[in-house]
Amino acid sequence: MEALTGHWNLTMSALSRTARIAAKTGLHALPTAVGIVVLSFVLLQFAPGDAVDVLAGEAGSATAEGMAEMRARFGLDRPVLEQLWTYLANLAQGNLGWSPRYNMPVSQLIWERVPDSLILAGAALVLALVIGVSLGAVMAANEGQAIDRLLSVVSLIFYSVPGFWIALMLIVLFSVKLGWLPSGGAETIGSTATGLAALLDKLRYMVLPTVSLSLIYIAIYSRLSRVSMIEAKAQDFVRTARAKGLSERRILLRHVLRNALIPVTTVAGMHVGGMLGGSVVIETIYGWPGLGRLAYEAVMGRDFGVLLGILLFSSLLVIFANVMVDIVHGLLDPRVGAPDAAV
Amino acid sequence: MPPYNNAAALRSADAPTPHLPVSEVVVPLPRVTPFYPPSPAPQPVRWRTGRRVLAVFARNPLVLIGATILLLISMVGLLAPLLFPGDPLAIVGQPFLWPGADAAHPFGTDSLGRDLLAGIAHGASISLRVGIAATALGLLIGVSIGAIAGYFGGWTDAILSRLIEIFQTLPNFVMLVVIVAIAQPSVVTLSFAIAIVTWPGVARLSRAEFRSIRARDFVMAARSLGFGPARIILSEILPSALPPLIVTASMMVASAILMESALSFMGLGDPNVVSWGSMIGAGREYLRTAWYMCALPGFAIMLTVLALNLIGDALNEILNPRNNEGPR
């Protein structure tokens, strides 16, 4: 009975600690979010030409009156501060504005692209974390030996390869020469497959973009976890664990890895939003229908409302990811977020 | 890394250095006279650094390879106008010539009959120019803001840290695309845009350095002498904060080159110059049949960036022996 309450108390304190961390970081993030909205809005005011110009150019037969009428309809003729205010007020209601180009709400446009982007970014992040941390563990276990040096050079090469170039080279090898994998798209067009077959079909299309996107992150995580594992191995608590007679494997998994994950998760949290918004090039190359490609299309079409929405959405995602990382840290390291913690 | 210039000079000027309390109380030092010309590093330190340089080279011969590659590429970039006179965008031969097929065009020609080797040589100078300019600008902005935030602390720090955080939260590449699309792409705007997305990292690093160094004895001493903040920041703290910044700078050039090539690849580069990224972008259409058009310039990017990163790694080992940060 006593053991049960003890366990219960522990769970409660972990929960309240998590809640405290979430509240604190969430509150801290609010001014940053507002700053980002204002900054991106101001930035986009400098943009030459607006969506109406592009539409008019494409239509080829626009009159000055017609364009003025369109601007009035989209609120583009109002003073800047008023536009910002309208934007903020709309934003508070989850309304990101209207895209004249796609003729639909920006928020809807973004939401349609989010799942595919999340799938790709999530897969790349998981792949990078698994391979990167494993490589780092192998390097740390063989510090200074030939295999450590070899893998260090390999990871430095991964770090130096331009993602878009490796994407093209993978297409040459696996699609053009070997014919194993599709060179672009997100699923077989006209496919009627369902269930497992559809999933496998999707996976085939995901392999190349995921690998291209994750390469640089594999390099970052392997180097980071190598260094922090080597550092953790020299700490007192590892010596204590060894003195207790724990097996090397248990020490590695429970003590060393756990500590090495703290810097890796911090960095990975910063990468989530970058991957989502920053996979612009990879998504464009593979024709992956995600946010990155939408961003590219928006730039080319001068649809700055959409661009602003993507910038904002991915920034908010970074903030959200940072809160999650703080919570994970609380779970990994009991000192973080304790009531008397000076962290 | 001991802040050898000033702390050592101070120590030799006054035999027993009292351990100054880290507080706002300025403890006057007796008779501190001749150390305004920043004295060179004392011999023992330099000797130890020299040994460390040698040890790093011995342990890691790849550094030499990296330095050689970078030197070669810089030479090619600098001498491109002499080696390959004329416009690298001019049509000089038969199109779709594979590398090695014609001795006059050892790297082959592209879909319009432009020489790939000439393009890669001229592209080297663009890549390095953008890389160095963007890094210099990014360092200037980042170090200024980081130094002010770290040195003054308080409200200044709170506001500047918030600014750093905002810029760091914005996804880099989307931000780059937005800036370049707004500012019209050219070598100058590309460098500016890359600096705008890279300065927050530098600012964070230098803020942390300045915060820790400003509490050291020699800074307290300088303050007690009545030196103004500008002088303390520039001639007292900055030299001590340089080592990690130098390491960061070499990695920044590498990532700036990568960013420039990705932008040019997407057609957002300077349209009037040939760059490695734009060559890959132009060759992409013919990927199935003439993949060498993409492979060769990309290989040049990889070699350059790899060389810079190898050098950055070595600098890290030499300048920050106890630095435990991975690539950023």
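Which residues touch the most other members of the largest nonpolar core? In this predicted model, local features need pLDDT of at least 70 and side-chain atom pairs count only at pLDDT 80 or more, while totals for chains, interfaces and linings use all residues. Residues are numbered from 1 along each chain as its sequence is written, with chains lettered from A and ligands numbered from 1 in the order in which they are written.

The answer is A:Ala295, A:Leu307, A:Ile310, B:Leu176 and B:Val177, in a core of 169 residues. Such a core is a set of buried Ala, Val, Leu, Ile, Met, Phe, Trp, Tyr and Cys residues joined through C-beta atoms within 7 Å; buried means that 20 or more other C-beta atoms, placed from the backbone, lie within 10 Å of a residue's own. Beyond its neighbours within four places in sequence, B:Val177 is in contact (C-beta atoms, placed from the backbone, within 7 Å) with A:Val280, A:Ala295, A:Val299 and B:Leu268.

Between the chains, 44 residues of chain A are in contact with 38 residues of chain B.

Turning to individual helices (DSSP runs of H or I, at least four residues, numbered from the N terminus), H8(A) has 39 residues, yet its end C-alpha atoms are only 46 Å apart, short of the 57 Å of a straight helix at 1.5 Å a residue. The expected span is 1.5 Å times one less than the number of residues. For H6(A), with 15 residues, the end C-alpha atoms are 21 Å apart, which agrees with the 21 Å expected at 1.5 Å a residue. The buried residues of H6(A) are A:Ser155, A:Leu156, A:Phe158, A:Tyr159 and A:Ser160.

Methods: Two residues are in contact if their C-beta atoms, placed from the backbone, lie within 7 Å. A residue is buried if 20 or more other C-beta atoms lie within 10 Å of its own, exposed if 12 or fewer, and partly exposed in between; C-beta atoms are placed from the backbone. Helices (H or I, at least four residues) and strands (E, at least two) are DSSP runs, numbered from the N terminus.
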